[in-house]
Amino acid sequence: MNISYTIDGHFDMLTDVCRRRRQGEHQVIRRRFYPAFASGHVTGVVASIFVDSCHLPYGAMEQAMEQVGALHCEIEESPDILMLCTCAADFQTAADTGRVGILMSFEGAEPVSSCMVLHSFYAAGVRGLGLAWSRRNQAADGCDFSGNLKKGGLTPFGLNLVREAETLSMFIDVSHLSDEGVEDVLNHTCCPIAATHSDARAVAYSNRNLTDGQMAEIARRGGIAGLNGCSIIASQVKEEACSEKLLDHLDHMIDVMGDGHVGFGFDFCDPFLTDMSPRDLALMPYPSFDLVGGHAALPDFLRKMAAHGYSRERIRKIAGENWLEFFRRRKL
(Lines give C-alpha, C1' and ligand atoms only; values in the text may rest on other atoms or scores of the structure.)
Protein backbone atom coordinates (compact mmCIF):
# COMPACT_ATOMS: atom_id res chain seq x y z
CA MET A 1 0.00 0.00 0.00
CA ASN A 2 1.48 3.35 -1.06
CA ILE A 3 1.44 5.47 2.12
CA SER A 4 3.68 8.55 2.15
CA TYR A 5 3.42 9.28 5.87
CA THR A 6 2.97 6.92 8.78
CA ILE A 7 3.10 8.77 12.10
CA ASP A 8 2.64 7.28 15.56
CA GLY A 9 1.38 10.02 17.86
CA HIS A 10 2.63 8.41 21.08
CA PHE A 11 5.67 6.24 21.76
CA ASP A 12 7.43 5.83 25.13
CA MET A 13 10.95 5.09 23.91
CA LEU A 14 12.84 7.97 25.53
CA THR A 15 12.97 6.51 29.04
CA ASP A 16 14.49 3.34 27.59
CA VAL A 17 16.92 5.25 25.38
CA CYS A 18 18.02 7.40 28.30
CA ARG A 19 18.51 4.45 30.65
CA ARG A 20 20.62 2.58 28.11
CA ARG A 21 22.77 5.62 27.33
CA ARG A 22 23.45 6.03 31.06
CA GLN A 23 24.81 2.48 30.94
CA GLY A 24 27.20 3.43 28.16
CA GLU A 25 25.25 2.36 25.07
CA HIS A 26 25.18 4.45 21.88
CA GLN A 27 22.92 4.53 18.82
CA VAL A 28 20.16 2.94 20.87
CA ILE A 29 17.36 3.95 18.50
CA ARG A 30 19.26 2.62 15.48
CA ARG A 31 19.78 -0.78 17.12
CA ARG A 32 16.65 -1.18 19.24
CA PHE A 33 13.83 0.65 17.45
CA TYR A 34 14.79 1.59 13.91
CA PRO A 35 14.50 -1.95 12.45
CA ALA A 36 10.81 -2.00 13.43
CA PHE A 37 10.33 1.55 12.16
CA ALA A 38 11.83 0.55 8.81
CA SER A 39 9.79 -2.67 8.55
CA GLY A 40 6.60 -0.77 9.38
CA HIS A 41 7.44 2.12 7.02
CA VAL A 42 7.15 4.54 9.94
CA THR A 43 8.08 8.09 8.93
CA GLY A 44 7.48 9.84 12.25
CA VAL A 45 6.80 9.38 15.96
CA VAL A 46 5.80 11.63 18.83
CA ALA A 47 8.17 10.55 21.60
CA SER A 48 6.85 11.07 25.12
CA ILE A 49 8.88 12.51 27.98
CA PHE A 50 7.68 10.41 30.92
CA VAL A 51 8.97 10.24 34.50
CA ASP A 52 8.36 7.05 36.47
CA SER A 53 6.86 7.52 39.93
CA CYS A 54 10.04 6.23 41.58
CA HIS A 55 11.78 9.48 40.55
CA LEU A 56 9.11 11.78 41.99
CA PRO A 57 8.85 14.38 43.33
CA TYR A 58 12.44 15.60 43.31
CA GLY A 59 13.97 14.05 40.20
CA ALA A 60 11.41 14.96 37.54
CA MET A 61 13.24 17.82 35.86
CA GLU A 62 16.56 15.99 35.80
CA GLN A 63 14.96 12.87 34.32
CA ALA A 64 13.17 14.91 31.64
CA MET A 65 16.26 16.90 30.67
CA GLU A 66 18.28 13.70 30.40
CA GLN A 67 15.65 12.26 28.04
CA VAL A 68 15.77 15.39 25.89
CA GLY A 69 19.57 15.27 25.87
CA ALA A 70 19.57 11.56 25.06
CA LEU A 71 17.43 12.13 21.98
CA HIS A 72 19.68 14.95 20.76
CA CYS A 73 22.70 12.67 21.18
CA GLU A 74 20.96 9.86 19.30
CA ILE A 75 20.15 12.16 16.38
CA GLU A 76 23.72 13.46 16.30
CA GLU A 77 24.99 9.86 16.14
CA SER A 78 22.49 8.72 13.49
CA PRO A 79 21.63 11.73 11.30
CA ASP A 80 21.21 9.46 8.30
CA ILE A 81 18.10 7.80 9.79
CA LEU A 82 16.81 10.22 12.47
CA MET A 83 15.63 13.84 12.46
CA LEU A 84 14.35 16.12 15.21
CA CYS A 85 10.95 17.52 14.25
CA THR A 86 9.24 20.61 15.63
CA CYS A 87 6.65 21.21 12.89
CA ALA A 88 4.73 19.54 10.08
CA ALA A 89 7.28 20.58 7.46
CA ASP A 90 10.00 18.77 9.40
CA PHE A 91 8.03 15.53 9.27
CA GLN A 92 7.64 15.92 5.53
CA THR A 93 11.37 16.56 5.13
CA ALA A 94 12.18 13.51 7.23
CA ALA A 95 9.96 11.29 5.08
CA ASP A 96 11.28 12.75 1.85
CA THR A 97 14.88 12.06 2.92
CA GLY A 98 14.25 8.53 4.22
CA ARG A 99 14.57 9.40 7.91
CA VAL A 100 12.28 8.95 10.91
CA GLY A 101 11.12 12.28 12.30
CA ILE A 102 10.83 12.54 16.10
CA LEU A 103 8.86 15.19 17.95
CA MET A 104 9.00 15.40 21.76
CA SER A 105 5.97 15.82 24.02
CA PHE A 106 5.44 15.65 27.76
CA GLU A 107 3.40 12.82 29.22
CA GLY A 108 2.78 14.54 32.54
CA ALA A 109 3.84 18.04 33.59
CA GLU A 110 5.88 16.92 36.62
CA PRO A 111 9.17 18.23 35.12
CA VAL A 112 7.71 21.68 34.38
CA SER A 113 8.04 23.66 37.59
CA SER A 114 7.31 27.07 36.05
CA CYS A 115 6.33 28.75 32.82
CA MET A 116 9.95 29.82 32.36
CA VAL A 117 11.02 26.19 32.54
CA LEU A 118 8.43 25.43 29.84
CA HIS A 119 10.24 27.96 27.63
CA SER A 120 13.51 26.12 28.28
CA PHE A 121 12.04 22.81 27.16
CA TYR A 122 10.53 24.54 24.12
CA ALA A 123 13.98 25.86 23.19
CA ALA A 124 15.27 22.27 23.41
CA GLY A 125 12.65 21.14 20.88
CA VAL A 126 9.69 19.98 22.98
CA ARG A 127 6.42 20.83 21.25
CA GLY A 128 3.67 18.93 23.13
CA LEU A 129 2.34 19.35 26.67
CA GLY A 130 0.50 16.38 28.12
CA LEU A 131 -0.59 17.69 31.50
CA ALA A 132 -0.89 14.44 33.42
CA TRP A 133 -0.27 10.74 33.49
CA SER A 134 -2.50 8.45 35.58
CA ARG A 135 -1.75 10.26 38.83
CA ARG A 136 -2.05 13.71 40.38
CA ASN A 137 0.60 16.36 39.88
CA GLN A 138 1.01 20.08 40.46
CA ALA A 139 -0.85 20.94 37.24
CA ALA A 140 -3.79 18.54 37.08
CA ASP A 141 -5.42 15.29 38.11
CA GLY A 142 -4.83 12.32 35.87
CA CYS A 143 -7.40 9.57 35.52
CA ASP A 144 -6.61 6.13 36.83
CA PHE A 145 -7.10 2.78 35.10
CA SER A 146 -9.69 1.41 37.51
CA GLY A 147 -12.65 3.52 36.46
CA ASN A 148 -12.75 5.50 39.69
CA LEU A 149 -13.24 8.97 38.33
CA LYS A 150 -11.28 11.68 40.08
CA LYS A 151 -12.97 15.01 40.56
CA GLY A 152 -10.05 17.41 40.26
CA GLY A 153 -9.39 19.39 37.11
CA LEU A 154 -6.57 21.80 36.36
CA THR A 155 -4.94 23.73 39.17
CA PRO A 156 -4.28 27.49 38.79
CA PHE A 157 -0.71 26.57 37.90
CA GLY A 158 -1.99 24.09 35.32
CA LEU A 159 -4.14 26.78 33.72
CA ASN A 160 -1.11 29.09 33.55
CA LEU A 161 0.88 26.33 31.85
CA VAL A 162 -1.87 25.78 29.30
CA ARG A 163 -2.01 29.48 28.48
CA GLU A 164 1.78 29.68 28.19
CA ALA A 165 1.90 26.60 25.95
CA GLU A 166 -0.77 28.17 23.77
CA THR A 167 1.32 31.32 23.29
CA LEU A 168 4.29 29.13 22.32
CA SER A 169 2.14 27.20 19.79
CA MET A 170 2.80 23.98 21.70
CA PHE A 171 -0.07 21.53 21.43
CA ILE A 172 -2.02 20.45 24.51
CA ASP A 173 -2.50 16.71 24.99
CA VAL A 174 -5.54 15.70 27.09
CA SER A 175 -4.91 11.94 27.14
CA HIS A 176 -4.73 10.79 30.79
CA LEU A 177 -6.54 13.89 32.08
CA SER A 178 -9.59 13.51 34.30
CA ASP A 179 -12.87 14.49 32.69
CA GLU A 180 -12.82 17.66 34.75
CA GLY A 181 -9.36 18.44 33.43
CA VAL A 182 -10.45 17.93 29.83
CA GLU A 183 -13.36 20.28 30.48
CA ASP A 184 -11.00 22.89 31.94
CA VAL A 185 -8.75 22.70 28.89
CA LEU A 186 -11.72 23.08 26.56
CA ASN A 187 -13.07 26.00 28.58
CA HIS A 188 -9.79 27.91 28.72
CA THR A 189 -8.34 27.40 25.25
CA CYS A 190 -9.44 28.04 21.71
CA CYS A 191 -6.64 26.26 19.86
CA PRO A 192 -6.74 22.77 18.31
CA ILE A 193 -5.89 20.15 20.94
CA ALA A 194 -4.93 16.48 20.84
CA ALA A 195 -5.72 13.31 22.71
CA THR A 196 -2.61 11.53 21.48
CA HIS A 197 -3.41 8.03 22.75
CA SER A 198 -7.05 7.58 23.76
CA ASP A 199 -9.81 5.33 22.45
CA ALA A 200 -13.62 5.63 22.57
CA ARG A 201 -15.36 5.27 25.92
CA ALA A 202 -18.53 4.11 24.17
CA VAL A 203 -16.63 1.01 23.00
CA ALA A 204 -14.58 0.36 26.16
CA TYR A 205 -15.80 2.09 29.29
CA SER A 206 -12.74 3.57 30.93
CA ASN A 207 -12.08 7.11 32.01
CA ARG A 208 -8.82 6.81 30.03
CA ASN A 209 -10.99 6.92 26.92
CA LEU A 210 -12.87 9.83 25.36
CA THR A 211 -16.60 10.44 25.60
CA ASP A 212 -18.50 11.20 22.41
CA GLY A 213 -18.94 14.78 23.60
CA GLN A 214 -15.20 15.22 24.15
CA MET A 215 -14.38 13.75 20.76
CA ALA A 216 -16.93 15.93 19.00
CA GLU A 217 -15.55 19.09 20.59
CA ILE A 218 -11.93 18.15 19.87
CA ALA A 219 -12.86 17.62 16.21
CA ARG A 220 -14.87 20.85 16.05
CA ARG A 221 -11.77 22.76 17.12
CA GLY A 222 -9.60 21.11 14.49
CA GLY A 223 -7.96 18.67 16.91
CA ILE A 224 -7.08 15.00 16.70
CA ALA A 225 -7.37 11.76 18.66
CA GLY A 226 -4.83 8.95 18.35
CA LEU A 227 -6.02 5.34 18.30
CA ASN A 228 -4.44 3.53 21.26
CA GLY A 229 -3.28 -0.05 20.65
CA CYS A 230 -2.63 -0.84 24.30
CA SER A 231 -4.88 -3.69 25.49
CA ILE A 232 -5.90 -2.11 28.82
CA ILE A 233 -7.12 0.99 26.97
CA ALA A 234 -8.92 -0.84 24.17
CA SER A 235 -10.63 -3.35 26.45
CA GLN A 236 -11.28 -3.52 30.19
CA VAL A 237 -11.62 -7.30 29.75
CA LYS A 238 -8.36 -9.00 28.82
CA GLU A 239 -10.06 -11.81 26.88
CA GLU A 240 -11.80 -9.30 24.57
CA ALA A 241 -8.64 -7.38 23.68
CA CYS A 242 -7.73 -7.90 20.00
CA SER A 243 -7.05 -5.99 16.81
CA GLU A 244 -10.71 -6.29 15.82
CA LYS A 245 -11.56 -4.37 18.98
CA LEU A 246 -9.27 -1.61 17.76
CA LEU A 247 -11.22 -1.42 14.52
CA ASP A 248 -14.41 -1.05 16.58
CA HIS A 249 -12.84 1.92 18.32
CA LEU A 250 -11.66 3.36 15.02
CA ASP A 251 -15.13 3.02 13.48
CA HIS A 252 -16.73 4.82 16.39
CA MET A 253 -14.13 7.58 16.56
CA ILE A 254 -14.57 8.28 12.84
CA ASP A 255 -18.36 8.24 13.19
CA VAL A 256 -18.13 10.93 15.89
CA MET A 257 -15.12 12.97 14.72
CA GLY A 258 -14.93 12.40 10.98
CA ASP A 259 -12.01 10.75 9.22
CA GLY A 260 -9.97 13.97 9.22
CA HIS A 261 -9.46 14.04 12.99
CA VAL A 262 -8.30 10.52 13.88
CA GLY A 263 -4.75 9.21 13.69
CA PHE A 264 -2.52 6.63 15.31
CA GLY A 265 -1.24 6.95 18.89
CA PHE A 266 -0.53 3.31 19.50
CA ASP A 267 1.25 3.57 22.86
CA PHE A 268 3.23 0.40 22.13
CA CYS A 269 4.53 -0.51 25.58
CA ASP A 270 5.54 -4.19 25.55
CA PRO A 271 9.31 -3.42 25.47
CA PHE A 272 9.09 -1.07 28.47
CA LEU A 273 6.84 -2.68 31.06
CA THR A 274 9.64 -4.62 32.73
CA ASP A 275 11.38 -1.32 33.52
CA MET A 276 8.36 0.37 35.13
CA SER A 277 8.21 0.63 38.89
CA PRO A 278 5.91 -1.83 40.71
CA ARG A 279 4.00 1.19 41.97
CA ASP A 280 3.07 2.27 38.44
CA LEU A 281 2.42 -1.26 37.18
CA ALA A 282 -0.01 -1.79 40.06
CA LEU A 283 -2.23 0.97 38.64
CA MET A 284 -3.10 -1.17 35.62
CA PRO A 285 -6.13 -3.50 35.66
CA TYR A 286 -4.15 -6.40 34.14
CA PRO A 287 -0.74 -6.88 32.47
CA SER A 288 -1.01 -4.91 29.27
CA PHE A 289 0.00 -6.06 25.79
CA ASP A 290 0.08 -4.51 22.32
CA LEU A 291 -2.83 -5.37 20.04
CA VAL A 292 -1.06 -4.56 16.76
CA GLY A 293 2.28 -6.20 17.43
CA GLY A 294 4.54 -3.16 17.35
CA HIS A 295 5.63 -0.87 14.56
CA ALA A 296 6.93 -3.71 12.37
CA ALA A 297 3.37 -5.07 12.15
CA LEU A 298 1.80 -1.82 10.92
CA PRO A 299 1.55 -2.96 7.27
CA ASP A 300 -0.55 -5.91 8.43
CA PHE A 301 -2.80 -3.57 10.42
CA LEU A 302 -3.23 -1.30 7.40
CA ARG A 303 -4.26 -4.33 5.36
CA LYS A 304 -6.81 -5.20 8.05
CA MET A 305 -8.16 -1.66 7.77
CA ALA A 306 -8.49 -2.11 4.01
CA ALA A 307 -10.21 -5.48 4.44
CA HIS A 308 -12.53 -3.80 6.95
CA GLY A 309 -13.70 -1.51 4.16
CA TYR A 310 -11.53 1.58 4.59
CA SER A 311 -10.58 3.28 1.35
CA ARG A 312 -6.96 4.03 0.46
CA GLU A 313 -7.64 7.74 0.91
CA ARG A 314 -9.06 7.20 4.42
CA ILE A 315 -6.12 4.98 5.40
CA ARG A 316 -3.64 7.61 4.19
CA LYS A 317 -5.34 10.23 6.35
CA ILE A 318 -5.40 8.10 9.48
CA ALA A 319 -1.89 6.72 8.99
CA GLY A 320 -0.20 10.10 8.94
CA GLU A 321 -1.75 12.91 6.94
CA ASN A 322 -4.15 13.87 9.74
CA TRP A 323 -1.24 14.39 12.13
CA LEU A 324 0.45 16.65 9.59
CA GLU A 325 -2.74 18.68 9.17
CA PHE A 326 -3.12 18.96 12.95
CA PHE A 327 0.43 20.27 13.33
CA ARG A 328 -0.24 22.81 10.57
CA ARG A 329 -3.47 23.96 12.21
CA ARG A 330 -1.64 24.31 15.52
CA LYS A 331 0.99 26.35 13.64
CA LEU A 332 3.83 24.03 14.62
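Let us start with one residue: cysteine 230 has a relative accessibility of 3%, so this residue counts as buried. The structure you are looking at is a predicted model, and the values below are computed from it.

## Cysteines without bonds

How many disulfides does the structure hold? The count is zero. Cysteine 230 shows why: the closest cysteine sulfur, in cysteine 269, is 3.6 Å from the sulfur of cysteine 230, too far for a bond. A disulfide needs sulfur atoms within 2.5 Å. Cysteine 115 has its closest cysteine sulfur in cysteine 191, and that distance is 15 Å, again too far for a bond.

## Charged side chains that pair

Next come the charged residues. Side chains of opposite charge can pair when their charged atoms come close. A search of the whole structure turns up 19 salt bridges. Here are some of them, with the distance taken from N to O.

| Acidic partner | Basic partner | N to O distance |
|---|---|---|
| glutamate 77 | arginine 21 | 2.9 Å |
| glutamate 66 | arginine 22 | 2.5 Å |
| aspartate 80 | arginine 30 | 2.5 Å |

Take the salt bridge between glutamate 77 and arginine 21. This pair links distant parts of the chain, 56 residues apart: glutamate 77 belongs to helix H3 (residues 60–77) and arginine 21 to helix H1 (residues 13–22). Are these two partners buried or exposed? Glutamate 77 is partly exposed, with a relative accessible area of 26%, while arginine 21 counts as buried at 17% relative accessibility.

Now look at the salt bridge formed by glutamate 66 and arginine 22. Glutamate 66 lies in helix H3 and arginine 22 in helix H1, so this pair ties together parts that are 44 residues apart in sequence. Glutamate 66 is partly exposed at 30% relative accessibility, and arginine 22 is also partly exposed, with a relative accessible area of 45%.

The salt bridge of arginine 30 with aspartate 80 has a helix on one side and a loop on the other. Arginine 30 sits in helix H2 (residues 28–39), and aspartate 80 sits in the loop between H3 and strand E3 (82–84), so parts 50 residues apart in sequence are tied together. Arginine 30 counts as partly exposed at 26% relative accessibility; aspartate 80 is partly exposed too, with a relative accessible area of 45%. Elsewhere, salt bridges that share partners join Asp16, Arg19, Arg20, Glu25, Arg31 and Arg32 into one network.

## Rings in company

Aromatic rings form pairs as well. A pair of aromatic rings is described by the distance of the centres and the angle of the planes. The count comes to 14 aromatic pairs. One of them is the tilted pair of phenylalanine 171 and phenylalanine 327, with 6.1 Å from centre to centre and 45° between the planes. Phenylalanine 171 is in strand E6 (residues 171–173) and phenylalanine 327 in helix H13 (residues 312–329), so the pair ties together parts that are 156 residues apart in sequence. Phenylalanine 171 is buried, at 0% relative accessibility, and phenylalanine 327 is buried at 0% as well.

What makes the pair of phenylalanine 266 and phenylalanine 268 count as stacked? Their ring centres are 5.0 Å apart and their planes are at 10°, and planes under 30 degrees apart count as stacked. Phenylalanine 266 is buried at 0% relative accessibility, and phenylalanine 268 is buried at 2%.

Ring pairs also link Phe91, Phe171, Trp323, Phe326 and Phe327 into a cluster. In other places an arginine lies over a ring face: arginine 127 over tyrosine 122, at 3.6 Å from the ring centre, and arginine 314 over tyrosine 310, at 5.5 Å from the ring centre.

## The nonpolar cores

Which residues have the most contacts inside the largest nonpolar core? They are Met13, Leu131 and Met305, in a core of 89 residues. Helix H10 (residues 243–257) gives the most to this core, with six residues. Leaving aside its neighbours within four places in sequence, methionine 305 is in contact with Leu247, Leu250, Phe264, Tyr310, Ile315 and Ile318.

Another core, of 18 residues, lies apart from the largest one, and its members include Met83, Phe91, Leu103 and Phe327.

Terms used: Residues are numbered from 1 along each chain as its sequence is written. This is a predicted model: local features need pLDDT of at least 70, side-chain atom pairs count only at pLDDT 80 or more; totals for chains, interfaces and linings use all residues. Side-chain values use heavy atoms; hydrogens and water are left out. A salt bridge is a side-chain nitrogen of Lys or Arg within 4 Å of a carboxyl oxygen of Asp or Glu. Helices (H or I, at least four residues) and strands (E, at least two) are DSSP runs, numbered from the N terminus. Buried means under 20% relative accessible area, exposed over 50%, partly exposed in between (1.4 Å probe, protein chains only). Rings of Phe, Tyr and Trp (its six-membered ring) pair if their centres lie within 6.5 Å; planes under 30 degrees apart count as stacked, over 60 as edge-to-face and the rest as tilted. A charge sits over a ring if NZ of Lys or CZ of Arg is within 6 Å of the ring centre and within 35 degrees of the ring normal. A nonpolar core is a set of buried Ala, Val, Leu, Ile, Met, Phe, Trp, Tyr and Cys residues joined through side-chain atoms within 4.5 Å. Contact means heavy atoms within 4.5 Å.
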